[in-house]
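Please examine the sequence and the model shown below. The paragraphs that follow lead from a single helix to the nonpolar interior, and then to the cysteines and the charged pairs.

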Amino acid sequence: LKCLSLIMLLGVVCGVWLTIAARSGSEVAVSPGFLESGPGLGTPDVTVFMTACAAGLAVATGVVGSAGRLRSRRPRVKPEARLRIGTRGSPLALAQARDVESRAREQLQQGGEIDICVISTEGDRILDRALADVGGKGLFTKELDRALLSGEVDCCVHSMKDVPTTVAPGTEIVAYLPREDTRDVFLSAKYATLADLPDGAVVGTASLRRQAQILAQKNVVVTNFRGNVQTRLRKLAAGTVDCTFLAYAGLKRLGMLAEATQVLEWSDMLPAIAQGAVGIQIRSNDAALRGTLSQLDHEPTRLAVETERAFLRALDGSCRTPIAGQAWIGPDSRLAFRGQVLSADGKQRFERVGDCLPCDGPELGKTLGDDLRREAGEEFFAELQRAASEHAAANAPPARVP
């Protein structure tokens with residue numbers, strides 16, 4: 001509208017100027033009565049004036065158009081970040097966030113900016129106690145949930161095995177990246193394989209699942225062993241423990257597979273629910289971002305992980321429950337699942353297996369979880385909770401003296 005008004009004004013001015021020039025030859029002067037009605041302006045003058053205005057409008061349009069083209073050649077101001085990715089600050093979490101950044105950049109419009117926003121979580125700060133003793137998996141996600149829901153970040157990247165079975169209200173997992181190898185690895189400077197581990201060896205792990213599975217096989221001493229991958233490797237090198245376990249996926253993403261002493265098959269140690277899977281969480285009402293990030297979703301991973309999480313949900317699983325489970329799509333294009341729950345000392349184990357069409361995976365996971373829970377009995381799960389509470393009390397730091 002501003003440009004149109006300017007064109008019209010310039011056109012009129014040019015018309016006046018050209019009319020005056022036409023009437024007076026080379027003398028250009030405006031008399032006070034030039035545009036007044038009466039003898040001063042006859043019909044020929046009106047024709048000249050209108051023709052001159054049209055010519056003036058054409059000239060003015062060209063001038064404004066040229067100015068617009070010049071203005072369009074000016075450098076554009078760098079746009080604000082289009083996508084803010086929330087993540088924990090550990091090296092592994094950052095590696096996963098950068099993977100998402102790389103994949104998302106291809107989906108954003110050219111020139112879109114991406115920021116990685118590091119958010120400290122309570123789970124990262126409390127390292128002197130087992131995760132089961134201080135609140136479970138939610139310690140790794142609640143600060144990220146808060147940042148997402150408040151609009152501080154647009155999405156969050158998670159290791160899905162750290163995500164509670166029910167995500168925060170108002171959010172959803174919009175995409176799963178292609179899953180990495182789900183197996184665990186055995187690490188030791190003293191023993192070449194898990195089979196070589198002698199009675200009485202000290203095993204460092206904060207995972208009740210790993211603890212139960214190793215105690216089912218070996219007469220060893222298990223001690224709490226928390227921290228990021230680098231921290232645990234330093235403790236192992238210092239001789240704090242004889243061995244420990246890590247996820248193959250984490251070591252690979254960090255480029256540290258050479259640290260593994262032995263890769264364990266599922267028959268030796270069944271992996272955790274959702275191990276090796278990375279998920280992207282968004283606000284449920286963000287339709288535009290859903291349209292962008294959903295293109296990163298790897299369907300086979302989604303089908304497998306949602307089956308495993310349905311199994312875990314049916315068992316009311318948490319870090320206080322030694323639960324393992326894996327789903328996969330076989331060569332026959334059917335989804336297969338194997339899941340188990342153990343007592344903390346590994347002496348009791350309940351297991352279920354099944355298969356179905358991939359689209360029915362979550363229903364299969366729930367059904368097998370419900371069946372296993374009925375078989376184990378509520379007293380079994382109540383005993384697990386009592387054992388976890390006793391363990392937490394025994395390992396609580398001493399109270400500070402005022």
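What span should the 15 residues of helix 3 (residues 91-105) have at 1.5 Å a residue, and how far apart are its end C-alpha atoms? The structure under discussion is a predicted model. For helix 3 the expected span is 21 Å, and the end C-alpha atoms are 21 Å apart, so the two values agree. The buried residues of this helix are Leu92, Ala93, Leu94, Gln96, Ala97, Val100, Glu101 and Ala104. This list can be read against the geometry of a helix. An α-helix has 3.6 residues a turn, so residues three or four places apart point the same way. In helix 3, Ala93, Ala97, Val100 and Ala104 are among the buried residues, as are the polar Gln96 and the acidic Glu101.

The nonpolar interior comes next. The largest nonpolar core has 27 residues, and those with the most contacts inside it are Met160, Phe311, Ile323, Val341, Phe380 and Phe381. At least two residues of this core are supplied by each of strand 4 (171-176), helix 10 (299-314), strand 11 (323-329), strand 12 (335-342), strand 13 (349-356), helix 11 (361-376) and helix 12 (378-395). Helix 10 contributes the largest share, 5 residues. Phe381, leaving aside its neighbours within four places in sequence, is in contact with Leu315, Thr321, Val341, Arg373 and Ala376. A second, separate core comprises 18 residues, including Leu83, Cys155, Ala175 and Leu177.

The cysteines may now be considered. A disulfide is a covalent bond between the sulfur atoms of two cysteines. A search of the whole structure finds 0 disulfides. Cys356 is in no disulfide, and the nearest cysteine sulfur is that of Cys359, 7.5 Å away. Why is there no bond between Cys359 and Cys356? The sulfur of Cys359 is 7.5 Å from that of Cys356, its closest cysteine sulfur, and this is too far for a bond; the cut-off for a disulfide is 2.5 Å. The two residues can also be described by their accessibility: Cys356 is buried, with a relative accessible area of 8%, whereas Cys359 is exposed, with a relative accessible area of 60%.

Charged side chains provide a further set of links. The whole structure contains 24 salt bridges. In one of these, the side chains of Glu172 and Arg290 meet at 3.1 Å, N to O. This pair links distant parts of the chain, since Glu172 lies in strand 4 and Arg290 in helix 9 (residues 287-293), 118 residues apart. Glu172 counts as partly exposed at 22% relative accessibility, and Arg290 is likewise partly exposed, with a relative accessible area of 25%.

Glu308 forms a salt bridge with Arg179, with the closest N and O atoms 2.9 Å apart. Here too distant parts of the chain are linked: Glu308 is in helix 10 and Arg179 in the loop between strand 4 and strand 5 (184-187), 129 residues apart. Are these partners buried or exposed? Glu308 counts as buried at 0% relative accessibility, and Arg179 is buried, with a relative accessible area of 18%.

In another salt bridge, the side chains of Glu351 and Arg338 meet at 3.3 Å, N to O. Glu351 lies in strand 13 and Arg338 in strand 12, so the pair ties together parts that are 13 residues apart in sequence. Glu351 counts as partly exposed, at 31% relative accessibility. Finally, Arg84, Asp154, Arg283 and Asp286 are joined into one network by salt bridges that share partners.

Key:
Residues are numbered from 1 along each chain as its sequence is written. This is a predicted model: local features need pLDDT of at least 70, side-chain atom pairs count only at pLDDT 80 or more; totals for chains, interfaces and linings use all residues. Side-chain values use heavy atoms; hydrogens and water are left out. A nonpolar core is a set of buried Ala, Val, Leu, Ile, Met, Phe, Trp, Tyr and Cys residues joined through side-chain atoms within 4.5 Å. Buried means under 20% relative accessible area, exposed over 50%, partly exposed in between (1.4 Å probe, protein chains only). Helices (H or I, at least four residues) and strands (E, at least two) are DSSP runs, numbered from the N terminus. Contact means heavy atoms within 4.5 Å. The expected span of a helix is 1.5 Å times one less than its number of residues. A salt bridge is a side-chain nitrogen of Lys or Arg within 4 Å of a carboxyl oxygen of Asp or Glu.
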